[in-house]
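I opened the model to look up a few things before going back to the bench. My entries follow in the order in which I checked them.

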Amino acid sequence: MTDQPLTTSWMWRADDGGVWGLVIHTDERTVEWYDSIGCACDDGFQEQTFEDFLTTGPRYGDPPPDVLAEVYASVRALAWKLL
């Protein structure tokens with residue numbers, strides 16, 4: 001049996017009708033935040049280190065509980081694998 005690949009990107013609807021997203025960068029050990037997806041702005045606007053994300057939680061985007069649970073699971077698994 002092989003390991004399932006971890007999810008490393010998510011998108012969700014914001015309360016104002018916009019779309020938020022985040023991407024985990026394993027090489028940099030960061031979580032990159034995106035707002036206004038689809039606005040022709042292809043750059044993320046902020047990053048958090050794995051350590052910061054795991055100790056302080058998400059600083060942006062107010063991810064819904066299901067997304068947040070998946071992000072935590074992926075970041076924890078990746079942080080552990082990269083030790």
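**Confidence first**

I noted that this is a predicted model, that its protein chain averages a pLDDT of 86, and that 87% of the residues score at least 70. Among the elements of the chain, I found the lowest mean pLDDT in β2, at 91, and the highest in α1, at 95.

**Helix α2**

I checked the length of α2, residues 65-81: at 1.5 Å a residue its 17 residues should span 24 Å, and the end C-alpha atoms are indeed 24 Å apart, so the two agree. I then listed its buried residues, which are Val67, Val71, Tyr72, Ser74, Val75, Leu78 and Ala79, and saw that they pack against β1 (9-13), β2 (19-25), β3 (30-34) and α1 (50-56).

I looked further at Ser74, which counts as buried because its relative accessibility is 4%. A polar atom of the Ser74 side chain lies 2.8 Å from the backbone oxygen of Thr7, and, leaving aside neighbours within four places in sequence, I found Ser74 in contact with Leu6, Thr7, Trp10 and Ile24.

**Aromatic pairs**

I found three aromatic pairs in the structure. One of them joins Trp33 and Tyr60 edge-to-face, with 5.9 Å centre to centre and 65 degrees between the planes; this pair links strand β3 with the loop between α1 and α2, 27 residues apart. I recorded Trp33 as buried, at 0% relative accessibility, and Tyr60 as partly exposed, at 23%.

For Phe53 and Tyr72, the ring centres are 4.8 Å apart and the planes stand at 45 degrees, so I entered the pair as tilted. This pair links helix α1 with helix α2, 19 residues apart, and both Phe53 and Tyr72 are buried.

Terms used. Residues are numbered from 1 along each chain as its sequence is written. This is a predicted model: local features need pLDDT of at least 70, side-chain atom pairs count only at pLDDT 80 or more; totals for chains, interfaces and linings use all residues. Side-chain values use heavy atoms; hydrogens and water are left out. Helices (H or I, at least four residues) and strands (E, at least two) are DSSP runs, numbered from the N terminus. The expected span of a helix is 1.5 Å times one less than its number of residues. Buried means under 20% relative accessible area, exposed over 50%, partly exposed in between (1.4 Å probe, protein chains only). Contact means heavy atoms within 4.5 Å. pLDDT is the predictor's confidence in each residue, from 0 to 100. A polar contact is a pair of N or O atoms within 3.5 Å; within protein, one must be able to donate a hydrogen and the other to accept it, and residues adjacent in sequence count only if both atoms are side-chain atoms. Rings of Phe, Tyr and Trp (its six-membered ring) pair if their centres lie within 6.5 Å; planes under 30 degrees apart count as stacked, over 60 as edge-to-face and the rest as tilted.
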